Amino acid sequence: MTSKSSKSTNAGLTYAQAGVDIDAGNALVGAIGPLAAQTKRRGTMGTIGGFGGLFDLKAAGFDDPILVSATDGVGTKLIIAIETGHHATIGIDLVAMCVNDLIVQGAEPLFFLDYYACGALDAGATEAVISGIAAGCRDAGAALIGGETAEMPGMYQKGHYDLAGFAVGAVEKGALLPRDDMRPGDTVIGLASSGPHSNGYSLIRRVVEKTGLSWSAQAPFDTTRTLAEALLEPTKIYVKPALKAIRETAGIKALAHITGGGLTENLPRILPDNLSATIDLDTFRPQPVFDWIAHHGGVAEAEMLRTFNCGIGLALVVDAAQTERVLKALNAAGDDARAIGTLEERGERAAVCLTGALGLGT
């Protein structure tokens with residue numbers, strides 16, 4: 001005769017009891033399918049759920065392509081989404097941070113994969129995140145062809161998750177950016193950002209802590225939204241306007257995605273050793289969120305410029321004779337584009353020289 005205690009001891013454990021719900025994971029894959037289908041584009045093959053994503057470059061219209069890849073996350077901006085339960089736009093940030101790195105090399109984003117890791121699946125939060133990823137893919141013209149959802153009990157606190165994104169694009173050989181014909185007199189054009197994008201949020205969260213504001217309080221710099229909603233404004237995706245300008249003009253020589261490090265750290269990544277960019281800070285005005293950060297955090301303007309994009313999310317180096325044509329193409333695509341500087345012989349100069357002032361925190 002077997003005792004109750006021995007029955008309990010011999011009872012087999014299940015994966016669900018260990019904290020991983022296979023059925024919930026399968027249900028999530030079923031929910032993702034329609035979202036992925038909305039991102040289908042030329043070259044897409046197969047469906048979500050296989051062991052790998054497929055893409056046909058020839059069907060996408062390329063003859064002699066160079067593949068360009070990028071991977072990124074969204075940094076500690078993710079903490080605000082988790083703490084406030086606002087998950088709808090963080091997926092857009094994930095896509096934007098990857099595809100904006102593709103377009104600066106002249107590459108058209110083709111497809112995207114995501115990695116979502118958590119302690120236990122929360123169907124509502126996970127679907128909201130992936131819905132945002134699908135929205136970002138549609139904006140970028142990229143197909144969401146796969147990904148991984150990892151449920152890892154004990155690795156993450158309850159309700160916490162992490163994200164990583166992977167994007168692949170293509171550009172015809174010979175059209176890769178930056179070009180090697182940049183010269184003194186070329187114009188630097190800046191495209192407006194939508195805010196801090198996905199950089200500097202460790203500092204932003206310290207400023208919020210210093211002010212004592214709650215996430216649900218009205219944003220001091222945006223009276224139409226709460227502080228959380230305003231700070232979760234998604235990263236702007238520059239793919240379509242940049243591709244339009246590249247294809248409609250012959251004037252774009254280089255592009256720089258202005259992420260952490262700002263203009264001062266990102267512009268040198270595309271400049272040859274003999275050239276310097278002079279940027280006139282009086283030619284653009286950062287969004288009010290940057291003034292709020294500088295004022296309430298006591299952050300010096302120089303520190304702001306090397307931490308945040310400060311209002312310019314994408315910079316282009318353009319042939320001086322093509323400046324107006326490129327500006328027209330960008331603004332016609334709905335962007336706020338303006339000339340913000342010029343290239344000069346470097347000599348003893350720094351790679352980026354700043355004139356004027358943003359006037360932040362005053």
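The sulfur of cysteine 353 has its closest cysteine sulfur in cysteine 310, 17 Å away, which is too far for a bond. Cysteine 118 is in a similar position: the closest cysteine sulfur, in cysteine 98, lies 19 Å off, again too far for a bond. This is a predicted model, and it holds 0 disulfides. Two open sheets, one of 6 strands and one of 4 strands, are described below.

**Cysteines**

- A disulfide is a covalent bond between the sulfur atoms of two cysteines.
- The cut-off for a disulfide is a sulfur pair within 2.5 Å. At 17 Å from the sulfur of cysteine 310, the sulfur of cysteine 353 is too far away to bond.
- Cysteine 353 counts as buried because its relative accessibility is 18%, and buried means under 20%.
- Cysteine 118 also counts as buried, with a relative accessibility of 1%.

**The sheet of 6 strands**

- The strand order is S10-S12-S7-S13-S11-S14, and the pairing is mixed.
- Which strands stand at the edges? They are S10 (252–257) and S14; each has a single partner strand, so one side of each is left without a neighbour in the sheet.
- On average, neighbouring strands of this sheet are turned by 25 degrees against each other, direction ignored.
- Strands of a sheet pair through backbone hydrogen bonds, either parallel or antiparallel.

**Strand S7 and its partners**

- S7 (residues 187–192) pairs with S12 (residues 312–318) in the antiparallel sense, over 6 bridges.
- S7 also runs antiparallel to S13, and 5 bridges join these two strands.
- Threonine 187 takes part on both sides. Opposite it in S12 stands valine 318, and its bridge partner in S13 is threonine 342.
- Isoleucine 189 of S7 stands opposite leucine 316 in S12.
- Is S7 mostly covered or uncovered? It is mostly covered, with 6 of its 6 residues buried.
- The cover extends to both faces of S7. Thr187, Ile189 and Leu191 are buried on one side, and Val188, Gly190 and Ala192 on the other.

**The sheet of 4 strands**

- This open sheet has the order S3-S6-S4-S5, with mixed pairing.
- Its edge strands are S3 (65–72) and S5, each of which pairs on one side only.
- Neighbouring strands here are turned by 15 degrees against each other on average, direction ignored.
- S4 (residues 108–118) and S6 pair in the antiparallel sense, over 10 bridges.
- Within that pairing, phenylalanine 112 has alanine 167 in S6 as its bridge partner.
- Helix H5 (residues 123–140) lies across S4, S5 and S6, and runs at about 170 degrees to S4.

**Threonine 149**

- Threonine 149 is found in S5 (residues 143–151).
- This threonine is partly exposed, with a relative accessible area of 29%.
- Its C-alpha atom is separated by 34 Å from that of isoleucine 312. The two residues are 163 residues apart along the chain.

**Helix H3**

- Which residues of H3 (residues 77–84) are buried? They are Lys77, Leu78, Ile80, Ala81 and Ile82.
- What covers these buried residues includes S6 (161–172) and three helices: H4 (90–103), H6 (201–211) and H7 (227–231).
- Glycine 85 follows H3, and its phi is positive, near 75 degrees.

**The S8–S9 hairpin**

- S8 (residues 218–219) and S9 (residues 222–226) run antiparallel and are joined by 2 bridges.
- The two strands form a hairpin with 2 residues between them.
- Glutamine 218 has threonine 226 in S9 as its bridge partner.

**Arginine 346**

- Where does arginine 346 lie? It lies in the loop between S13 (337–345) and S14 (352–355).
- Arginine 346 is buried, yet it has no salt bridge.
- The nearest side chain of opposite charge, that of aspartate 273, is 4.9 Å away. A salt bridge needs a distance within 4 Å.
- Aspartate 273 is nonetheless one of the residues in contact with arginine 346. Leaving aside neighbours within four places in sequence, the others are Leu271, Pro272, Asn274, Leu275, Ser276 and Ala351.

How values were computed:
Residues are numbered from 1 along each chain as its sequence is written. This is a predicted model: local features need pLDDT of at least 70, side-chain atom pairs count only at pLDDT 80 or more; totals for chains, interfaces and linings use all residues. Side-chain values use heavy atoms; hydrogens and water are left out. Two strands pair if DSSP finds at least two bridges between them. Buried means under 20% relative accessible area, exposed over 50%, partly exposed in between (1.4 Å probe, protein chains only). Contact means heavy atoms within 4.5 Å. Lys and Arg count as positive and Asp and Glu as negative; His and the chain ends are not counted. Axes are lines fitted to C-alpha atoms, for helices over the stretch in contact, and angles run from 0 to 180 degrees between N-to-C directions.
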